[in-house]
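Hi,

Here is the structure I promised to pass on. Have a look at it first, and then read on for my notes on the side chains.

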Amino acid sequence: MDKNEMVKGFSQNDAVVILKTTGGTIQGYLSKIDLAQDCFVIQVAVYIGLDGKVERQDLVECKFGDVDTISKFGSEPKNPPTFDTVLKQYPIGKYLMIWGKHDSSTSPTIEQGVLKSINWDKRRLVLHSITYDQDRTVNIDRISFIDDTRSGPGAVASAQTSDWHLRPDGAWYRGEQKYASS
């Protein structure tokens, strides 16, 4: 597809979903269409807390050649990918972090592990937890978001940032504020 045809109808801050030719997905807000570099730059939520609030956002580049389908949220793409189509692209053995209202929870929770199997008739998938060496069953219809960017369990960043820190110049700072003694 011609790049001018690909970007037609899209503009900065559009909410988009990109289904990649490699099988991954990118979901976020269109930050930039870079015709010189032949890529979309998407602002994506990297971590969503259990309360549903986005903790951090990053800019991700996606080359035009890697795009299978791009569509706006709330609009109908020419070849709309279904959630099942997206899920089918994850190979068995892929590490996934899945947000949703799992089991009987009414609040969002996370299940994570290596994809072990998918039962399409029962609409369930099985993740194997590396940490606890046990299997967890997830109802496909209760999934709200899948993070396929991780390679295993663990925190994305420190749970707490230090209050004061000593910089190489010998001064104490809190964030960018220098400590001023009285």
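To start with one residue: is Asp147 buried or exposed? Asp147 is buried, with a relative accessible area of 4%. Keep in mind throughout that this is a predicted model.

**Salt bridges**

Searching the whole structure turns up 8 salt bridges. Asp147 takes part in one of them, pairing with Arg150 at 3.4 Å from N to O. Arg150 is buried too, at 12% relative accessible area, so both ends of this bridge fall under the 20% cut-off for buried. Elsewhere, Asp84, Arg123 and Asp141 are joined into one network by salt bridges that share partners.

Another bridge runs between Lys116 and Asp135, whose closest N and O atoms are 2.5 Å apart. This one ties together distant parts of the chain: Lys116 sits in strand β7 and Asp135 in strand β9, with their positions 19 residues apart. Lys116 has 44% relative accessibility and Asp135 has 37%. Both count as partly exposed because these values lie between the 20% and 50% limits.

Then there is Asp103 with Arg136, where the closest N and O atoms come to 3.0 Å. Here too the pair links distant parts of the chain, 33 residues apart: Asp103 belongs to the loop between β6 (95–100) and β7 (109–119), while Arg136 is in strand β9 (residues 134–139). Asp103 is exposed, at 54% relative accessible area, whereas Arg136 is partly exposed at 27%.

**Around Glu111**

Arg136 has a further partner worth opening up in your viewer. Its side chain makes a polar contact with the side chain of Glu111, at 2.7 Å. Glu111 is found in strand β7 and is buried, with a relative accessible area of 11%. What is Glu111 in contact with, leaving aside its neighbours within four places in sequence? The list is Leu96, Met97, Ile98, His102, Leu127, Arg136 and Val138.

**Rings**

The search for aromatic pairs gives 2 across the whole structure. One is Phe40 with Phe64, an edge-to-face pair with 4.9 Å centre to centre and 65° between the planes. Phe40 lies in strand β3 (residues 39–48) and Phe64 in the loop between β4 (54–63) and β5 (67–72), so this pair also connects distant parts of the chain, 24 residues apart. Phe40 and Phe64 are both buried.

The other pair is Trp99 with Phe145. Their ring centres are 5.1 Å apart and the planes meet at 55°, so the pair is tilted. Trp99 is in strand β6 and Phe145 in strand β10 (residues 143–147), distant parts of the chain that lie 46 residues apart. Trp99 is buried, with a relative accessible area of 3%.

Two lysines also sit over rings. Lys72 lies over the face of Phe10, 5.8 Å from the ring centre. Lys88 does likewise over the face of Trp120, at 5.3 Å from the ring centre.

If you only have a few minutes, I would begin with Arg136, since you can follow it both to Asp103 through the salt bridge and to Glu111 through the polar contact.

Cheers

Note on methods: Residues are numbered from 1 along each chain as its sequence is written. This is a predicted model: local features need pLDDT of at least 70, side-chain atom pairs count only at pLDDT 80 or more; totals for chains, interfaces and linings use all residues. Side-chain values use heavy atoms; hydrogens and water are left out. A salt bridge is a side-chain nitrogen of Lys or Arg within 4 Å of a carboxyl oxygen of Asp or Glu. Helices (H or I, at least four residues) and strands (E, at least two) are DSSP runs, numbered from the N terminus. Buried means under 20% relative accessible area, exposed over 50%, partly exposed in between (1.4 Å probe, protein chains only). Rings of Phe, Tyr and Trp (its six-membered ring) pair if their centres lie within 6.5 Å; planes under 30 degrees apart count as stacked, over 60 as edge-to-face and the rest as tilted. A charge sits over a ring if NZ of Lys or CZ of Arg is within 6 Å of the ring centre and within 35 degrees of the ring normal. A polar contact is a pair of N or O atoms within 3.5 Å; within protein, one must be able to donate a hydrogen and the other to accept it, and residues adjacent in sequence count only if both atoms are side-chain atoms. Contact means heavy atoms within 4.5 Å.
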